[in-house]
Amino acid sequence: MSQAASAGGSVPDFKISSIIVPLIAIISGIFMVILDSTAMNVALSKLVIDFQTDLPTIQWAVTGYMLATAAVIPLAGWLSDRFGAKQVFLSSVVLFTIASLLCATPNSAGMLIAFRILQGLGGGFVMPVAMAYVYRLSPPNKIGQVMGMLGVPILLAPAVGPILSGWLVEYHSWHWIFLINLPVGIFSFIFGLWKLPAAARKKVAGFDLPGMILGPIAFAALSYGVTQGAEGWTSNKTLAGLVIGGLALIGFIIVELRAKIPLLELRVFRSVDFSFGIFVQWVLQFSLFGAIFLLPQFLQQARGYGAFDTGLTLFPQALASAAMMPLGGYLFDKIGVRWLVVVGLSLVSGAIYQYSHVDLTTEGRDLLIPLLMAGGGMGLMMMPLNSHLISKAPRDLVSRVTSLTSAMQQVVNSFAVATLVTILSSRMTTLIADNHVQAATPAEMQKAMLALAPDAFGYTFSIMLVIAAIGIFLGLFLRRSKAQAQSVGGKEVGLEGLH
């Protein structure tokens, strides 16, 4: 499958143009999934009206999708090894596309939620399988450049999603946020069927049934629990999700460490570099949400922006990310990941510092420079850090490692959002008490909270700044990946080669 399979792990005559068509098939599939994930949030208010339901009910169209995605991610690596990455990727694209068509047809909230869960089952496989696929397509000395191209849709789609979906919902119909997936999905499938090289299947001895039961339960329950934490960390839903997920995770870890052919290869944590790198990734993800999650909330809640206007305001960040992503990949191949993380997170920190000074007079033009800084920083470091983690594992375990990192990222992302909402809400409550706010009507309370919102957001941004500073410090200790990608004498090393 890979053009990197030469002795010594080097392919001097490799050209990116030789894999551009397979990359287009993979990138279009990723773009479709991420675009749809972000687009749904914009349509919720309209769906409440059309289905004559309430927001907590229709919110399950988002929550159900997320839980389905978290549940299937751990299965992606095993299925790729057993049936081949090409078959799994194309099947997931087909399932997502068919589910998208179904999502555009329901006449009840219950049916939409069911179809969204089906859509999540397809979408959950796409990212980990695609990352492993692209890594194997790339020679070791060009991994950064190729993975950099893969990163463009990952950062561009979340910015395009609110703009496109806001326009469709406002001027056309919410059905179109699902129907636009059809041509993209068909395109990705046809190009993939035509040009994706067949991945060699592996003889997977045994069937890790306990892992296949405990893994999805663990990651889905944990994702649900930390998401509910945004509403209250002591609520029954939060505690149930965390307890069930925690117990399932403990059982899953015990099972996987004893299994001869585990679902997720947890023994990769024997590598000190991998373990440290994934910890840095968690810190980085958490701090990034100061730039990715909090700012849109400020624009919509404190400044009164609609989703469409918010998307337009944030679009320079996405363009900067897309522009810097190829450079980050190129530099990763030359100098490794350390300084890309340090410089990239420093740029993001500078942006978060400026966000911490927003007020009720802040306009979109005031945010242009920090948005470009945040986007540029993300583009420099996100995919290089992913490439760094994958390169720290034996090449024959790539599909298992991408499933592992993707599953853990799902939980960390949910935890970051829930924690930030908790900090923001707690700060707002404190400010109301400190300022002795008293309101006779809900409208007066809303006005008082609006006046205090910049202070609450600024405080939360400041905490993100501290976390980002910790990430910069930790980034200094990242060690450069070897270009041989864990190969010795042209052969892959096993777990015993980890240190």
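In which helix is Gln301 found? The answer is helix 12, which covers residues 272–301. The points below concern a predicted model, and they return to this helix several times.

1. Overall make-up. The protein chain contains 17 helices and 2 strands. Of its 499 residues, 56% count as buried. The accessible surface amounts to about 20,500 Å², and carbon and sulfur atoms account for 67% of that area. Among contacts with a separation of 6 or more, 84% are between residues 24 or more positions apart.

2. Gln301 and its surroundings. Gln301 has a relative accessible area of 48% and is therefore partly exposed, since the exposed class begins only over 50%. Once neighbours within four places in sequence are set aside, Gln301 is in contact with Leu450 and Phe457. The C-alpha atoms of Gln301 and Ala453 are 8.2 Å apart in space, although the two residues are separated by 152 residues in sequence.

3. The nonpolar cores. The largest nonpolar core comprises 109 residues. The residues with the most contacts inside it are Ile26, Ile30, Phe89, Met147, Leu150, Leu295 and Tyr355. Helix 12 is the element that gives the most to this core, supplying 12 residues. A second core, separate from the largest one, has 20 residues, including Leu47, Ile58, Ile113 and Leu168.

4. Phe89 and Ser92. With neighbours within four places left aside, Phe89 is in contact with Ala25, Ile26, Val126, Val129, Ala130, Ser188 and Leu196. Ser92 is found in helix 5, residues 85–103. The relative accessibility of Ser92 is 3%, so this residue counts as buried. Beyond its neighbours within four places in sequence, Ser92 is in contact with Gly122, Phe125 and Val126. Val126 thus appears in the contact list of Phe89 and in that of Ser92.

5. The salt bridge of Arg116. The structure holds 4 salt bridges. In one of them the side chains of Arg116 and Asp36 meet, at 2.9 Å from N to O. This pair links distant parts of the chain, with Arg116 in helix 6 (residues 109–137) and Asp36 in helix 1 (residues 20–50), 80 residues apart. Are these two partners buried or exposed? Arg116 is buried, with a relative accessible area of 1%, and Asp36 also counts as buried, at 2% relative accessibility. Arg116 has a further partner in Tyr65: the charged end of Arg116 sits over the ring of Tyr65, 4.2 Å from the ring centre.

6. The salt bridge of Arg479. Arg479 forms a salt bridge with Asp273, and their closest N and O atoms are 2.9 Å apart. Arg479 lies in the loop between helix 17 (442–475) and strand 1 (487–488), whereas Asp273 belongs to helix 12; the two are 206 residues apart. Arg479 is partly exposed, with a relative accessible area of 42%. Asp273, by contrast, is buried at 11%, because buried means under 20% relative accessible area.

7. The salt bridge of Arg303. Arg303 and Glu363 also meet through their side chains in a salt bridge, at 3.2 Å from N to O. Arg303 is in the loop between helix 12 and helix 13 (307–335), and Glu363 is in the loop between helix 14 (338–355) and helix 15 (368–391), so the pair ties together parts 60 residues apart in sequence. Glu363 is partly exposed, with a relative accessible area of 29%.

8. Aromatic pairs. A search of the whole structure finds 10 aromatic pairs. One of them joins Trp174 and Phe178 in an edge-to-face arrangement, at 6.3 Å centre to centre and 85° between the planes. Trp174 counts as buried at 2% relative accessibility, and Phe178 counts as buried at 0%. In the pair of Phe473 and Phe477, the ring centres are 5.2 Å apart and the planes lie at 70°, so this pair is edge-to-face, as planes over 60 degrees apart are classed that way. Phe477 is partly exposed, with a relative accessible area of 49%. Ring pairs also link Trp174 and Phe178 with Phe51 into a cluster.

9. A further charge over a ring. The charged end of Arg427 sits over the ring of Tyr459, at 4.5 Å from its centre.

Notes: Residues are numbered from 1 along each chain as its sequence is written. Side-chain values use heavy atoms; hydrogens and water are left out. Rings of Phe, Tyr and Trp (its six-membered ring) pair if their centres lie within 6.5 Å; planes under 30 degrees apart count as stacked, over 60 as edge-to-face and the rest as tilted. Buried means under 20% relative accessible area, exposed over 50%, partly exposed in between (1.4 Å probe, protein chains only). A charge sits over a ring if NZ of Lys or CZ of Arg is within 6 Å of the ring centre and within 35 degrees of the ring normal. Helices (H or I, at least four residues) and strands (E, at least two) are DSSP runs, numbered from the N terminus. Contact means heavy atoms within 4.5 Å. Accessible areas come from the Shrake-Rupley method with a 1.4 Å probe; for residues, only the protein chains shown count as cover. A nonpolar core is a set of buried Ala, Val, Leu, Ile, Met, Phe, Trp, Tyr and Cys residues joined through side-chain atoms within 4.5 Å.
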